[in-house]
Amino acid sequence: MLDREGYRPNVGIVLLNSRNEVFWGKRVGQHSWQFPQGGIAHGESPEQAMYRELHEEVGLLPEHVQIIGRTRDWLRYDVPEEYLRRQHATRVHRAAYRGQKQIWFLLRFVGLDSDIQLRATEHPEFDAWRWVPFWIQLDAVIGFKREVYQLALSELARYLAKGVRMQQLAWGTPLDFFQSFYSKGDDSSKESTKTDKQK
């Protein structure tokens, strides 16, 4: 399901533990790490898709988490042509599909580490996981997703700003970056950001 601009609706999940560290998953058979994310099915709300993806990819149920917040708007990313060639067989689909648009959720994990089950389904997304600082190392993120990760974390950080000691920010002041991004977007009449999830 693509929108008129060629972006597939998607959700991203930032899962926080009690130390404000985030869940970081290693893709099956790859050396790449990322946050859980997945497509929004026809008729699903972003929140419904988030809970479904949370269970499919991490094995968690709604009672294992509390929603802290979400991004206020879609964040978009384009998928480079070389990835599209590998993923899609037909030129027609490649021409229509540009990337992903995502709503990101910030969740507080209230369960136990043992509740996390990477093999909750027959087609696991991750084969390893760990907790890492909220301000992740951006160079660990695949290049075409870095801006979206930066925007998502920068916006979601505002939910933790009051009464919570965060790790030292390594790559800039998040709210300044976030505000400058959206003010730029307003001037260019809703010009899109970049985001996607390739499964």
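**Exercise 1: a helix and its surroundings**

Work out why helix α4 (residues 146-156) counts as largely enclosed by the rest of the structure.

*Solution.* Keep in mind that this is a predicted model.
- Step 1: set the cut-off, since buried means under 20% relative accessible area.
- Step 2: go along the helix and list what passes. In α4, the buried residues are Val148, Tyr149, Gln150, Leu151, Ala152, Leu153, Ser154, Glu155 and Leu156.
- Step 3: draw the conclusion. Nine of the 11 residues of α4 are buried, so the rest of the structure largely encloses this helix.

**Exercise 2: the nonpolar cores**

Find which residues have the most contacts inside the largest nonpolar core, then see which element gives the most to this core.

*Solution.*
- Step 1: the largest nonpolar core has 28 residues, and Val14, Phe35, Trp104, Phe134 and Ile136 have the most contacts inside it.
- Step 2: sort by element. At least two residues of this core come from each of β1, β2 (21-27), β6 and α4. The top contributor is α4, with six residues.
- Step 3: zoom in on Phe35. Skipping neighbours within four places in sequence, Phe35 touches Ile13, Val14, Val22, Phe23, Trp24, Trp104, Phe126, Ile136, Tyr149 and Leu153.
- Step 4: don't stop there, as a second, separate core has 19 residues, including Leu54, Leu107, Leu118 and Trp131.

**Exercise 3: a salt bridge across the sequence**

Take the salt bridge between Glu5 and Arg76 and say which parts of the chain the pair ties together.

*Solution.*
- Step 1: check the distance. The two side chains meet at 3.8 Å, N to O, and the cut-off is 4 Å.
- Step 2: place the partners. Glu5 sits in the segment before β1 (7-16) and Arg76 in the loop between β5 (65-70) and α2 (81-87), so the bridge links parts 71 residues apart in sequence.
- Step 3: compare exposure. Glu5 is partly exposed at 42% relative accessible area, whereas Arg76, at 14%, counts as buried.

**Exercise 4: more charged pairs**

How many salt bridges does a search of the whole structure find, and which residues join into one network?

*Solution.*
- Step 1: the search turns up 10 salt bridges.
- Step 2: look at Arg52 and Glu44, whose side chains meet at 2.7 Å, N to O. Arg52 is partly exposed at 25%, and Glu44 is partly exposed at 21%.
- Step 3: try Arg98 and Asp78, which pair at 3.5 Å, N to O. Arg98 is in the loop between α3 (91-96) and β6 (99-109) and Asp78 in the loop between β5 and α2, so this pair ties together parts 20 residues apart in sequence.
- Step 4: follow shared partners, and Glu44, Arg52, Glu53 and Glu56 come together as one salt-bridge network.

Conventions
Residues are numbered from 1 along each chain as its sequence is written. This is a predicted model: local features need pLDDT of at least 70, side-chain atom pairs count only at pLDDT 80 or more; totals for chains, interfaces and linings use all residues. Side-chain values use heavy atoms; hydrogens and water are left out. Buried means under 20% relative accessible area, exposed over 50%, partly exposed in between (1.4 Å probe, protein chains only). Helices (H or I, at least four residues) and strands (E, at least two) are DSSP runs, numbered from the N terminus. A nonpolar core is a set of buried Ala, Val, Leu, Ile, Met, Phe, Trp, Tyr and Cys residues joined through side-chain atoms within 4.5 Å. Contact means heavy atoms within 4.5 Å.
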